[in-house]
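Colleague: I would like a close look at one part of this model, with the cut-offs spelled out.

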Amino acid sequence: MIVLAVVLVVLLAIGVPIGFAFGLSGAAALWWTGMAQLNVVAKMFAGLDSFVLLAAPFYILAGELMTRGGISERLIHLSRIIVGRLRGGTAYAAVVSAILFSGISGTAIADMAALGQIFINGMPREGYSRAFAAALVTAGSVIGPIIPPSVIMVLYAAVADVSVLKLFVGGIVPGLVLGMSIAAVIFLKALRGELPRSEITVSRAEAPGVIRDGLLVLSLPAFIIFGTLSGVFTPTEAGGIAVLYALFLSVVVFRQMTARDLVISLRNAARLTAALFILIAAVEVVNYVLIMEGIAEWTGQLASLFKAQPTLFLLVCVVAFLIIGLALDAGPALLLLAPFLLPISRQMGIDDIHFSMVMIVSCTLGLISPPVGVCLFVACKIGNITQRQLWKELWPFFTAECVVVLLLVFFPVLSTGLVSLLFK
Amino acid sequence: MDRLRDLTHRIVVVADYAIGALLALLVVINGAAVFQRYVMFDSISWSEEAIRYFAVWLTFLGAATASWYLEHMDMDAIGEFLGSGGRRIQKLVIEVCVLGFALIVAWQSVIYCWLNGRQTAPTSGMPMVWVYAAMVVGGLLLVLVTFVRIADLLAGRDTGPERSPPA
């Protein structure tokens, strides 16, 4: 186990791609313990041989099609109708857009890419600072993987053996609370007069069309949730149908998708899928080594240490996830930790969805925490600002989102309430 | 070397179109399965298996193309502290590590195919060697991609325009 940890840390620190670092450190540990190298490919194949996992490429592709098919502009127009007239209205519109967009995209990066170009470049024209706009969109991107559909939840469900549908439903309230926490920071800043009043760009005549288009787009997440809840199709099948629906909207209704756009979307989504799946496959090698080296005994001891204090266990986990998030991206962190921590939380009687939500939200904050938060890089690139400038504006939002994590720890009903309501 | 780089780039582009087509195929099979079940009241028995196995091909081919376009996730904790010379050495070390992993995958998957290739898929009855071969092909493509990158770095040539992903 020590060889595995040392090799993994060294490879990650050098900058070896995370999936390959997992695979190579697993191979090194297998060699060190005298186990066959054949396990590398056997476990990688086993890690990929899962139907649930296959929802991920479908949601990635649906998000890609929606972004290229003119969906993001329509959602932003809709958000401006809802909240645009308030002081700091465009800032609120960015939050509402993040919430709406997370209902059709599955990843934080997709949210950043779609909303970043528009808000980070557009808000400074209304008097917002470029760093504030970038910080706002970065904070909002965290909502993407929490509100369904969520690629990260699909991957998590596959490795942790938790119902992906329950995770999707469980993510709705925490996602909305995250949005409210960002809105609270905007409200405080607007109250102090730090934010300008917005220029509304949607006229009364345009409004009905904008609302109709927005509702057409937003019927997608509703369709996924209700279709899967009613048992009409599995989450994976729903993903495939979401792709066809996104294609229908982009090509037939909005007429903004060309054949070239479609081919590029397919190629991009396929490469992103491969990059994520190779990570899943390689994590399986690491997990195999850890199991063979007796991780279960270690986790059992850890469980007995926290036995009477599940809340303390959750708090320790949150701190650990946030620290790990400083160095490791949300996906790899979740994939690596979930199979071992979930059994401990079960032993303590913590609800699976409660623990999963705390874990997923905490790890997702790693996407926006310095120095290696991937969303930070995208925001700095779009906004042409330094990480220091971004962080100066981002920290109040980050703090508010950390408070949401604490709320999730202390109030399990936020994660489990809707699940209990819909699955009884 | 230029000819090998051009050849690698062409192979990567073909593989990139292939994984795009595989993803489209997954969507079509998935859609057909739902359509058959609810409209024709007859399910396609092999659809789930086919989707899973095509995804294995997509993953291993796509891992190599994503490597060519430098799209894999990494965390690079030391890069910003290095000068240009140190940065070049760092990139070389990274590529050598990836090459090591690619060689392990390619070689071990040949053995895996040899040992288990005669197994058949539970539903379709297809020989599993056609599925396991994805690891061999993807592993070899990753070896080629990484080898070219190492040769380029040794020759002082870094990322070129042909490495830009389609946008």
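Colleague: Are B:Arg149 and B:Glu95 buried or exposed? Please start from that pair and then go through the other salt bridges, the cores and the cavities.

Modeller: Both B:Arg149 and B:Glu95 are buried, where buried means under 20% relative accessible area, exposed over 50%, and partly exposed in between, with a 1.4 Å probe and protein chains only. This is a predicted model, in which local features need pLDDT of at least 70, side-chain atom pairs count only at pLDDT 80 or more, and totals for chains, interfaces and linings use all residues. Residues are numbered from 1 along each chain as its sequence is written, chains are lettered from A and ligands numbered from 1 in the order in which they are written, and side-chain values use heavy atoms, with hydrogens and water left out.

B:Arg149 and B:Glu95 form a salt bridge, with 2.7 Å between the closest N and O atoms; the term requires a side-chain nitrogen of Lys or Arg within 4 Å of a carboxyl oxygen of Asp or Glu. The pair links distant parts of the chain, 54 residues apart: B:Arg149 is in helix H4 of chain B and B:Glu95 in helix H3 of chain B. Helices (H or I, at least four residues) are DSSP runs, numbered from the N terminus.

Over all chains there are 15 salt bridges. In another, the side chains of B:Asp16 and A:Arg271 meet at 2.8 Å, N to O. B:Asp16 lies in helix H1 (residues 2-38) of chain B and A:Arg271 in helix H13 of chain A, so this pair joins two chains. Both B:Asp16 and A:Arg271 are buried. A:Arg192 and A:Glu194 also form a salt bridge, at 2.9 Å, N to O. Here A:Arg192 is exposed, with a relative accessible area of 60%, and A:Glu194 is partly exposed, at 42%.

Next, the cores. A nonpolar core is a set of buried Ala, Val, Leu, Ile, Met, Phe, Trp, Tyr and Cys residues joined through side-chain atoms within 4.5 Å. The largest has 209 residues, of which A:Leu136, A:Tyr156, A:Phe355 and A:Phe397 touch the most other members. Helix H13 (residues 259-292) of chain A gives the largest share of this core, 17 residues. Leaving out residues up to four places away in sequence, A:Phe397 touches A:Phe132, A:Ala135, A:Leu136, A:Ala139, A:Ile182, A:Val185 and A:Ile186, contact being heavy atoms within 4.5 Å.

Last, the cavities. On a 1 Å grid over the protein atoms alone, a cavity is a set of points where a 1.4 Å probe fits but cannot get out, and lining residues have an atom within 4 Å of a point. Grid points are joined across faces, edges and corners, and a volume is the space filled by probe spheres set on the points. There are 3 cavities of 30 Å³ or more, and the largest has a volume of about 70 Å³. Its lining includes A:Phe20, A:Met44 and A:Ile278 as well as B:Phe101 and B:Val105. Helix H2 (47-68), H3 and helix H4 (129-154) of chain B are the elements that give two or more residues to this lining. By class, the lining of the largest cavity has 9 nonpolar, 2 polar and no charged residues; Ala, Val, Leu, Ile, Met, Phe, Trp, Tyr, Cys and Pro count as nonpolar, Asp, Glu, Lys and Arg as charged, and the others, Gly among them, as polar.

Technical notes
1 Å grid on protein atoms, 1.4 Å probe; cavity = no way out; pocket = protein on both sides within 12 Å on 5 of 7 lines; lining within 4 Å.
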